[in-house]
Amino acid sequence: MPLVVLQPSRLMWTRLAALVFTCVAFSVASHGGSLPDGMGDWCVFCWAFSFAGTVLVLLVELLGLQSRAPVSWTNFPITFACYAALLCLSASIIFPLYFVKGSRNQEMRDHRIASTVFSCLATLAYLVEVSLARARPGEVAGYMATVPGLLKVCETFVASVIFVFISDPVSYNSHAALKWCMAVYCICFVISAAIVVLCVGECTGCLPFPFARFLSAYALLAVAMYLTATIIWPVFKFDNSHSGSSSRPDFCRGGPGLCYWDKWVAVAVLTALNFLIYLADLAYSARLVFVTA
């Protein structure tokens, strides 16, 4: 029977704090927030998923089951913490935008404000966990604990948000150039997600080519592809000469995040953001391959 291994550390206390904050966030929102379907469900999912994953990580480490885990324990906890930080960050932005603003019932508003505060605290706790767990210069660690590994997580998350905005309503069918942008998002997302899965599953040694050089070559390709999408998307969506719309329609001025035009702008911003992330990934990956070699 496994013994509980209790070794208090800053990392453990940070995880416990994230556990408490996410639990309070989704409990308060579910109990007194009176959330409608849609974005409310997404926010609760972000908090509940982060809570459940943190419970799993704490149990495995407290019971000393790292060697029996079916994944690489040098890569999984920090990968999960990074995803949890991004999920809680998205909930911290979406929740007050959709549910705190304009809420007239004072009790309901108080519950929603409390959930927002604890969501922000959970985001901070997960960011601290990532900072504590990431690899330091000269330290031997898993790939996901390095800067390029953490950037892979950000790349897949930003691409997922792009998919949400670009598919409701479908915004890429009006021109072949926009379909190319969609292809860029899909190809880069699939490869980055595959890299994360391979690292967490400790399967990189099964590849028929050097993994480090593949990462550098892929980063270069992704930068080139995202550069084209960063230029093409705003040109064909906001330039009148290409059947775009250069100004926000009047019926879109009622509220943020509700109009198709706002979603087009969000896709343009997120595309540029992911381009910068891939550019940083390329710089770190090239340094990892050529400088260390």
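Me: Which residues does Leu-11 touch, not counting residues up to four places away in sequence?

Reply: This is a predicted model, and contacts are read from it in the usual way. Leu-11 touches Glu-129, Leu-132 and Ala-133, with residues up to four places away in sequence left out. Leu-11 sits in helix H1, which covers residues 10-32. Its C-alpha lies 8.5 Å from that of Val-128, although the two residues are 117 apart in sequence.

Me: Is Leu-11 buried, partly exposed or exposed?

Reply: Buried means under 20% relative accessible area and exposed means over 50%. Leu-11 has 22% relative accessibility, so Leu-11 counts as partly exposed.

Me: What is the case for Ala-122, buried or exposed?

Reply: Ala-122 is buried, because its relative accessible area is 0%. This residue lies in helix H4, residues 106-133. Ala-122 touches Phe-21, Thr-22 and Cys-88, not counting residues up to four places away in sequence. Ser-50 is 72 residues from Ala-122 along the chain, and their C-alpha atoms are separated by 9.1 Å.

Me: Where is Asp-281, and what does Asp-281 touch?

Reply: Asp-281 is in helix H8. With residues up to four places away in sequence not counted, Asp-281 touches Pro-148, Leu-151, Lys-152, Glu-155 and Ala-219. The relative accessible area of Asp-281 is 0%, so this residue is buried.

Me: How should the overall fold be read? How many helices and strands are there in the protein?

Reply: Start with the elements in order. The protein has eight helices and zero strands, and along the sequence the pattern reads α-α-α-α-α-α-α-α. Then look at the contacts: of those between residues at least 6 apart in sequence, 76% join residues at least 24 apart. Of the 293 residues, 43% count as buried. The accessible surface comes to about 14900 Å², and 69% of this area belongs to carbon and sulfur atoms.

Me: Which residues does UniProt list as "transmembrane region"?

Reply: The unreviewed UniProt entry lists 42-64, 76-99, 111-128, 140-165, 177-200, 212-236 and 264-284 under that name. A record of this kind can be set against the model span by span. Residues 76-99 are 100% helix and 0% strand, with the end C-alpha atoms 33 Å apart. Residues 177-200 are likewise 100% helix and 0% strand, and their end C-alpha atoms lie 35 Å apart.

Me: How is empty space found, and how much of it lies in the largest pocket?

Reply: Rolling a probe the size of a water molecule over the atoms shows where empty space is left. Here the largest pocket holds about 1200 Å³. Its lining has 35 residues, and the closest to the pocket centre are Ser-90, Ile-94, Phe-157, Val-161 and Phe-165. Helices H2 (39-62), H3 (76-100), H5 (147-167), H6 (176-200) and H8 (260-291) each give two or more residues to this lining.

Me: Which helix gives the largest share of that lining, and how do the lining residues divide by type?

Reply: H3 gives the largest share, 12 residues. By type, the lining has 27 nonpolar, five polar and three charged residues.

Me: What is there to note about phi of Glu-202?

Reply: Most residues other than glycine have a negative phi. Phi of Glu-202 is near 55°, a positive value in a residue other than glycine. Glu-202 is found in the loop between H6 and helix H7 (211-238). At 59% relative accessibility, Glu-202 counts as exposed.

Key. Residues are numbered from 1 along each chain as its sequence is written. This is a predicted model: local features need pLDDT of at least 70, side-chain atom pairs count only at pLDDT 80 or more; totals for chains, interfaces and linings use all residues. Side-chain values use heavy atoms; hydrogens and water are left out. On a 1 Å grid over the protein atoms alone, a cavity is a set of points where a 1.4 Å probe fits but cannot get out, and a pocket is an open set with protein on both sides within 12 Å along at least five of seven lines; lining residues have an atom within 4 Å of a point. Grid points are joined across faces, edges and corners, and a volume is the space filled by probe spheres set on the points. Helices (H or I, at least four residues) and strands (E, at least two) are DSSP runs, numbered from the N terminus. Ala, Val, Leu, Ile, Met, Phe, Trp, Tyr, Cys and Pro count as nonpolar, Asp, Glu, Lys and Arg as charged, and the others, Gly among them, as polar. UniProt positions are given in the numbering used here, feature names are shortened, and annotations may be inferred rather than shown by experiment. Buried means under 20% relative accessible area, exposed over 50%, partly exposed in between (1.4 Å probe, protein chains only). Contact means heavy atoms within 4.5 Å. Accessible areas come from the Shrake-Rupley method with a 1.4 Å probe; for residues, only the protein chains shown count as cover.
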